[in-house]
Each structure stands twice: as structure tokens, then as C-alpha cells.
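Visitor: Got a minute to walk me through this one? I'd like to start with the inside.
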Amino acid sequence: MRIVGGTLSGRKIEPPLSLTTRPMMDRVRQALFNILSHHEWGRQIGDVLNNTQILDAFCGTGALAFEAISHGAAHATLFDKDHQALEIATKNAASLGIKDQCHIMMADTLAPPRTKEPCQLVFLAPPYRKNLIPPAMIALDQAGWIAPHALIMAETAKKEILELPEGFQTLFSRYYGDTALHFITR
């Protein structure tokens, strides 16, 4: 695994130790960040990567958060409830030299701690086919993690049906093999 673009492009990151963590493939992550960097999101959403606060819930190795920092995000909060995933994410942040830009903590995305710093970009890449995205969005919103007009990127299996909670809408989706990337806002 490696960082696919930005200031840290080409730097290696450690893969997960656990079979329960499924990292996004490099080519899908590259397509995702091409979309995030080059899509015209409009005035309300704005530039989702330049100097922003991001959240990588279900962080696994931390690849999405680290890629966002490589592309210009100011700070990333990463959480997962898997201890091994957090160890790898912490090790990766240190080896990339961006530990100061990351807050990595053990937390359940379905019952997150409250925050006073909402995020403009939220990554949700939970295990497939467990219907975790809708309750995660509700819990994160209630705990203050989702800024008004934030962009949420949710990853599912291609054939997985994603029903969003009230107040959220899918802007568009892209498909890569068995992976679906959904771009969502309020």
C-alpha cells in the first residue's frame, strides 16, 4: 500500500494485520482523490481538501485520512474500534511524519464522542453489507462531527443498497469493480 498523490505521493503505508480490516485499493483511492480534487462542488461545499478538518471513521490503516493530508487537509481525526487497526494507523502516521496533524483514537462510530470541531469532509468505509452507514451518519451528526454542507464519502459494495437518513442526499456515485463510492451531502 502507498499514498497515491499529493505531497506524500509514493510513500508506503503498512497494510492491516487483521483480516477484518479491508483497505481501499490504491487505484480506487486514486480515483476518489481525483474526484475530490477536481470536481466542482459548488459554493456551499467549496474546496473539500484545502486546509480542512476531516474525519476518517472506520479508519482501518488510516489511508484515507493520510491521503487527504497529503492533498492539503489541515487535520484529520481517525477512529476505529479495532485495536490492531489503530496501532497500524498510529504507526503509519508516525512513519509519514504527520502525527501532529492527526488525532487517532479508539471510538465506536455508532456511538462517537462529542466534538466541538465539525469536519468538512467525512470518510465512511465500514465493513461491507452490514448496513452501518445510515446509523453512523446519524450518530456522527448528533455528536457534532458533520459540518453544515459537509461532503461525506461512503464506500459500499457495488450491489449493496444504501438508504440515507432523512436530511442527506447522494450527489452521485462511482463504481470500481465491486466497490461503490457515494458522495453525499445534506
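**Inside the fold**

Guide: Sure. The largest nonpolar core has 40 residues, of which L32, L36, W41, F66, F123 and F183 touch the most other members. A nonpolar core here is a set of buried Ala, Val, Leu, Ile, Met, Phe, Trp, Tyr and Cys residues joined through side-chain atoms within 4.5 Å. Buried means under 20% relative accessible area, exposed over 50%, and partly exposed in between (1.4 Å probe, protein chains only). Before we go on: this is a predicted model, where local features need pLDDT of at least 70 and side-chain atom pairs count only at pLDDT 80 or more, while totals for chains, interfaces and linings use all residues. Residues are numbered from 1 along each chain as its sequence is written, and side-chain values use heavy atoms, with hydrogens and water left out.

Visitor: Which helices and strands each supply at least two residues of this core?

Guide: The helices are α1 (26–38), α3 (63–70) and α4 (83–96), and the strands are β2 (75–80), β4 (119–124), β5, β6 (169–176) and β7 (179–185). Helices (H or I, at least four residues) and strands (E, at least two) are DSSP runs, numbered from the N terminus.

Visitor: What is F183 in contact with?

Guide: Leaving aside neighbours within four places in sequence, F183 is in contact with residues including L32, I35, L36, W41, L151 and F172. Contact means heavy atoms within 4.5 Å. Apart from the largest core lies another one, of 24 residues, among them I133, A143, A154 and I184.

Visitor: Switching topic: how many disulfides does the structure hold?

Guide: Zero, with a disulfide being a pair of cysteine sulfur atoms within 2.5 Å.

Visitor: Why is there no bond for C102?

Guide: Because its closest cysteine sulfur, in C59, is 9.7 Å away, too far for a bond. C119 is too far as well, since its sulfur is 12 Å from the closest one, in C102. C102 counts as buried at 12% relative accessibility, and C119 is buried at 1%.

Visitor: And T109, buried or exposed?

Guide: Buried, with a relative accessible area of 2%. T109 is found in the loop between β3 (102–106) and β4. Leaving aside neighbours within four places in sequence, T109 is in contact with A57, F58, F79, L124, A136, A139 and L140.
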